[in-house]
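Please open the structure in a viewer and keep the selection panel at hand. The tour below proceeds from selection to selection.

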Amino acid sequence: MILKKNSQLIKIIISLLIFILSLTLKFDVKLYNNILYVIAYIIAGYDIILKAIRNIFKGKIFDENFLMAIATIGAFCISKFPEAVAVMLFYQVGELFQDYAVDKSRKSVASLMDIRPDYANVYRKEEIERVDPSNVSIGEIILVKPGEKIPLDGVIVEGESTLNIQALTGESVPRKVAINDEVLSGCINNHGILKIKVSKKFGESTVSKILDLVENASNRKSKSENFISKFAKYYTPIVVIVAILLAIIPPIIINDASFSDWLYRALSFLVVSCPCALVISIPLSFFGGIGAASKMGVLIKGSNYLEALAKTEIVVCDKTGTLTEGVFKVQKIDAIGYPDGDVLRYAAYAEAFSNHPISFSLKQAYNKEINKKLITKTHEISGKGVLAKVDGKMVLVGNEKLMKEHNIKFKKSNEMGTVVYVAINNEFAGTILIADKIKDDSYRAIKLFKDNNVEKIVMLTGDCDNISSSVASKLNLDEYHAELLPQDKVYWVEKLMKQKSSSGKLIFIGDGINDAPVLALSDIGVAMGGLGSDAAIEAADIVIMTDEPSKIANSIQISKKTMRIVRQNILFAIIVKIGVLILSAFGIVSMWAAVFADVGVSVLAIINALRILKIKNK
Amino acid sequence: MSIYKFKIKNLDCVNCANELERKLKKIDIINNVSVNFITQKLIFECSEENKKQVLEKIIKIIKKEEPDVKLEEA
């Protein structure tokens, strides 16, 4: 590829030198100049001529090589020698530049997705072998040194380290891993040597799945792409036919019209008739947009979805795990007669031997070693709580019923969530509130949605009404529906689908589990936390690798920017082409402008498309 | 049905890629085929026993339509 480009460049330079020589040297015999022009022309364009001849036999007369060859040979025929050479030269320069630009954008998108591991160090026969990751089988032990990419999904059997997962999720905070932790391919090992037992073949590893998805995404074509390729299909034949008419009819019907003059104008038409400038920048823009999104950890499965995102009118979210963390945590401690920390400590100790989810939350909040010697007696009362002797004190931890049973005077709490009542030595010591927490990122996400003209944000949840209403009002949502069964969610999404405008889109964001029917029903189904979850990657149109809903709002921004650039490019290309066609039909501009309208426009459109990659993500 | 992927090199432009894709779609024993200019990928779907036959047909069409184009194992 590079070799081909270099030889192309040398050809162009030699041809250009001869062309300039011929322009500056004025031979006495004009023939000498013309011979130089022809030499320059042949050097610059022999490959085009050859391709053109080949295409005639195949009946491909609307091919750009053929059109360019006819246009320039035609120019020779009417003695426009410098024009003929210039058109061919600039066409070649433009093509070369176009190749560079496409190549560059291919590379920059590829570097966005630079997660493919090149090799794996695998233990075989007591020795370490460096092999292609696709040649490693399940159960083999691989070694990952600091700075290396983890080549295959697996479980750590030796060593600990932190992993850089930025390439997969856009998340900059490294993840700590140790023995028995599952690790995903594509992460980079920061320090420490890891021995990993492979659990998936390369083809099924996370890294392959992600790469496949992004590469295939541009195969699902957007409406803009379909429009432009249809346009190109009709555009070229029409322009060529008009060119033929232009060469024949005016010289016949206008009295003093010269044939060569009109032929020249017709030839300009042929130069402008190539469709490539129109067609190339559109898929490139989408490819760039999908690349930019994947860099921040959002996988978009098709150009059509990227296009649709820009028209988002309604966002429907699941609650638990999407807007909230989905983990029950101690949110608040209201201690009476003791410091907050002591109440939590007694509660955590009393629940030390319990397997109840609440005891887990308490222990997690306490976050210190529990000295089990201090617990002398525990008794779990099913459906009510725990009675325990901690540090010589009688501790009761449980719900209202437990307090009533032991005749403890307590203050009833009206907080949203699970309230744990604590009594020490038969005296009420306060309450601990355990609840799911709204993600900090959700606030940012809702604001960004509104900033991006989303008309309505709706939350659908199976959770009870009072918790849901509190979440909805804190997040300032437009609508919420609580206590829903899966089929109720389908009902509401169907109803909301009818409320949007005909071109508007509805997004559903869920955790990808149990959401399959709604994901399929909505215009765009988004699954959160896709890292490591095959089901989510399978079911959704867009997968967010982290658990931040704001990433979807960011994707809407990328989508809008992509669509803006796509529209600019379509308009720019069509206006310039039609403008130049009209001007050259009246003989106002020369063939030079026609060359610009062809290759100049496509190069500018490509450069414009590359701007998408410059989106900063926060 | 299996999906096969090849690297497709030396395509001139998006239009040529679309044109080639249209031609390849006419192969009767092929299920899904896409020619992607940007990613330089040819992807098609067919049954395993037909793979050889399909590939031969594809190569024949490519030779006729775009003689400069080369297919490589991806």
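The stops below go from whole chains to sheets, hairpins, a helix pair and the interface.

**Conventions.** This is a predicted model, in which local features need pLDDT of at least 70 and side-chain atom pairs count only at pLDDT 80 or more, while totals for chains, interfaces and linings use all residues. Residues are numbered from 1 along each chain as its sequence is written, and chains are lettered from A and ligands numbered from 1 in the order in which they are written.

**Stop 1: chain A as a whole.** Select chain A and display it as a cartoon. Chain A holds 21 helices and 22 strands; helices (H or I, at least four residues) and strands (E, at least two) are DSSP runs, numbered from the N terminus. Its radius of gyration is 34 Å, well over the 25 Å that the globule rule gives for 618 residues, so chain A is more spread out than a compact globule. The radius is taken over C-alpha atoms, and the rule is 2.2 Å times the number of residues to the power 0.38. Along the principal axes, the C-alpha trace of chain A spans about 120 × 65 × 40 Å.

Next, colour chain A by domain: domain 1 is 120-209, domain 2 is 298-324 + 439-558, and domain 3 is 325-437. These bounds come from an automatic or database domain assignment. The centres of domain 1 and domain 3 of chain A, taken over C-alpha atoms, are separated by 41 Å.

**Stop 2: the six-stranded sheet.** Select β1, β2, β3, β4, β7 and β9 of chain A. They form an open sheet in the order β2-β1-β3-β9-β4-β7, with antiparallel pairing; two strands pair if DSSP finds at least two bridges between them. At the edges are β2 (127-131) and β7 (182-183) of chain A, each pairing on one side only. Zoom in on β1 (residues 120-124) of chain A, which is joined to β2(A) by five bridges in an antiparallel arrangement. Here Asn121(A) stands opposite Arg130(A).

**Stop 3: the seven-stranded sheet.** A second selection in chain A gives an open sheet of seven strands, ordered β10-β22-β21-β20-β11-β18-β19, with mixed pairing. Its edge strands are β10 (298-300) and β19 (479-481) of chain A. From one strand to the next, the twist averages 20°; axes are lines fitted to C-alpha atoms, for helices over the stretch in contact, and angles run from 0 to 180 degrees between N-to-C directions. Within this sheet, look at β21 (residues 524-527) and β22 (residues 542-544) of chain A, which run parallel and are joined by two bridges. Val526(A) stands opposite Ile542(A) of β22(A).

**Stop 4: a hairpin and its neighbour.** Select residues 385-398 of chain A, where β14 (residues 385-390) and β15 (residues 393-398) pair in the antiparallel sense over six bridges. Two residues lie between these strands of the hairpin, and Asp391(A) in the turn has a positive phi of about 55°. Val390(A) faces Lys393(A) of β15(A) as its opposite residue. Then add β16 (residues 418-424) of chain A, which pairs with β15(A) in the antiparallel sense over four bridges. In that pair, Leu396(A) stands opposite Ala423(A).

**Stop 5: two helices.** Which angle do the axes of α7(A) and α8(A) make where they cross? Select α7 (residues 223-253) and α8 (residues 259-272) of chain A: the axes come within 8 Å and cross at roughly 175°. That makes α7(A) roughly antiparallel to α8(A), a label given to angles over 145 degrees. Show the side chains at the contact, including Val239(A), Leu246(A) and Pro251(A) from α7(A) and Phe259(A), Trp262(A) and Arg265(A) from α8(A). Residues are in contact if their C-beta atoms, placed from the backbone, lie within 7 Å. The contact residues divide into 16 nonpolar, no polar and one charged, where Ala, Val, Leu, Ile, Met, Phe, Trp, Tyr, Cys and Pro count as nonpolar, Asp, Glu, Lys and Arg as charged, and the others, Gly among them, as polar.

**Stop 6: chain B.** Select chain B, which follows the pattern β-α-β-β-α-β along the sequence. The radius of gyration of chain B is 11 Å, close to the 11 Å that the globule rule gives for 74 residues, so chain B is as compact as a globular protein of that length. Its β2(B) and β3(B) run antiparallel and are joined by five bridges. The bridge partner of Asn36(B) is Lys41(B) in β3(B). The hairpin of these two strands has four residues between them, and Gln40(B) takes a positive phi near 55°.

**Stop 7: the interface.** Finally, show both chains: eleven residues of chain B are in contact with 13 residues of chain A. On the side of chain B that touches chain A, α1 (14-24), β2 (32-36) and β3 (41-46) of chain B each supply at least two residues. With three residues, α1(B) gives the most to that side. The residues of this side of chain B divide into five nonpolar, five polar and one charged.

Methods: Two residues are in contact if their C-beta atoms, placed from the backbone, lie within 7 Å. Angles under 35 degrees count as roughly parallel, over 145 as roughly antiparallel, 65 to 115 as roughly perpendicular and the rest as oblique.
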